Amino acid sequence: MSILITHGKIVTASESFVGDVYVEGGQVVALGKNLPYQADRVIDATDKLVLPGGIDPHVHLSLPFMGTFSSDDYTTGTRAALFGGTTTVIDFIIQKQGDTLYNALKTWQEKSLGKAIGDYSYHMAVTDFNPEVAKEVAALIEEEGITSFKTFMAYKGALMIDDGQMVQLMLALKKHGGMITVHATNGDLIDSLIARHRAEGKLSPLYHYLSQPEVTEAEASARFCDMLHYTGCPGYIVHLTCEGALNAVRRATLRNQKVYVETCSQYLVLDASVYGEGFEGAKWVMSPPLRQKKDQAALWAGIQQGLVNVVGTDHCPFMWEQKKMGLQDFSKIPNGHPAIEHRMELMFSEGVLKGHISLEKYVEVTATNAARIFGMYPRKGTLAVGADADIVVFDPQKKHTISAVSHHMNVDYSAYEGWELTGKVETVLLRGEVAIENNECHLEPGFGKFIPRQKATMHI
Ligand code: URP
Ligand code: ZN
Ligand code: ZN
């Protein structure tokens, strides 16, 4: 089916202009003013924005974590993403310590094949690096299109690797054209603070926050930058939250080092005042925790300065009953919060309309940079001839209110209950098919495709 989107304000990371987009065969065929095409379907986008489909490079779907599983699977998670204008997500495969990367890949293929509605790709989380795993790393890059590898400097005993393994993995990735990504917080220090708080009977969600002070992230981020500098491996810090960690990246630029940085929408719009002595704060128990207003300011400025390249979500939802696993002890609350559906609208309402970022910057950090950094550009992340027709028609004036009653994520509370936003996703195309229209999803499980990615070196 062919579609002509007319008279919309077309926005890319580099420009915006009022014009038309013609879509056929799942791809963008033409962009321009008054395009002379007859289409099966015309979508009038007058007074609307026409954006590339969002890319969220940090989501956890059916993640086995802290004795339970995150509550969105590939069907509910990618559907909710589409409702929010995100057409491609990158999930994390987690290697079981003592097991192979290929076994983990098989497990994630079973979770996603035939179930995803939106497009997806995988990062591979390496939790146990050794010479056999090094061979698998090469094969994943060369043969599977999995080119980014996640590491954890925290969650000791479950996910964390030590600095020796980190450096060896960096060397293997540099050799084969992979990208290393990191959860950069000092796991030993955090574990000691958790133990101290528990010993003192300080067990409410507030102490989750107080067990991960800024120094735990700033120190690990600086250490990671140093290891990248030593090895020459391309690297990316996920969910960076605070000024101290950003300054570590800033200092790395002084030796002409480029370290890619992702923050998440929650760190830009929420702060640590949500944590109190009551259990309500469990809704925002995530790692790293929410920070302070001065950190929000540093992150918005970091986006302007090009130090922060991507805004993701770290979507990792748990039902309230699951959160209650930590009712008596904050260290047992499953870490993570639901956001996959809200990122694009939150960043427009809180970012663009409040003057923090331009429209072009908005597209850059919600779509284009993730595609570039993770080897999907220009197929994904932009509006250009030959790109996948992943397109969002966005009403910049429409007001709406976030609520667990109306969201589409499989979770029974909202971390943003009652928030009034301006700007709403209206129509979403995925590879030229209407995915979202009239607040309904028109695609079935199985429509979503795995997107193999190019080597990191090809795009940096
Ligand atoms: O709290 C979080 N972030 N949960 C998901 C796992 C991770 O660290 O990204
Ligand atoms: Zn993390
Ligand atoms: Zn995460």
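The questions below concern the zinc ion (ligand 2) and ligand 1 in a predicted model.

Reader: What makes His 183 and His 239 donors to the zinc ion (ligand 2)?

Author: His 183 through ND1 and His 239 through NE2 coordinate the zinc ion at 2.1 Å. The cut-off for a donor atom here is 2.8 Å, so both atoms qualify.

Reader: Why is the site of the zinc ion (ligand 2) called irregular?

Author: The angles among its 4 donor atoms run from 56 to 151 degrees. A tetrahedral site needs all angles between 85 and 135 degrees, and a square planar one needs opposite donors over 155 degrees apart, so neither label applies. Water is not among the atoms, so sites may look incomplete.

Reader: What separates the zinc ion (ligand 2) from the zinc ion (ligand 3)?

Author: A distance of 3.8 Å.

Reader: Why does the histidine pair tie together parts that are apart in sequence?

Author: His 183 belongs to strand E12 (residues 179–183), whereas His 239 sits in the loop between strand E13 (235–237) and helix H8 (243–253), so the parts joined are 56 residues apart in sequence. Both histidines are buried, which means under 20% relative accessible area.

Reader: How do you know that ligand 1 has polar contacts with side chains?

Author: An oxygen atom of ligand 1 lies 3.2 Å from an N or O atom in the side chain of His 60, and another pairing, with a polar side-chain atom of His 183, spans 3.1 Å. For Asp 314, the partner is a nitrogen atom of ligand 1, at 2.5 Å. The limit is 3.5 Å, so these pairs count. Taken alone, ligand 1 exposes 260 Å², and the protein buries 99% of that.

Notes: Residues numbered from 1 in each chain as written. Chains lettered and ligands numbered in written order. Predicted model: local features only at pLDDT ≥ 70, side-chain atom pairs only at ≥ 80, totals over all residues. Heavy atoms only, no water. Donors = N, O, S within 2.8 Å, 3.2 Å for Na, K, Ca; no water. Tetrahedral: all angles 85-135°; square planar, octahedral: opposite > 155°, others 65-115°. Helix = DSSP H or I, 4+ residues; strand = E, 2+ residues; numbered from the N terminus. Buried < 20%, exposed > 50% of the residue type's maximum accessible area, 1.4 Å probe, protein only. Polar contact = N/O pair within 3.5 Å; in protein donor to acceptor, adjacent residues only side chain to side chain. Areas by Shrake-Rupley, 256 points an atom, 1.4 Å probe, with all protein chains shown as cover.
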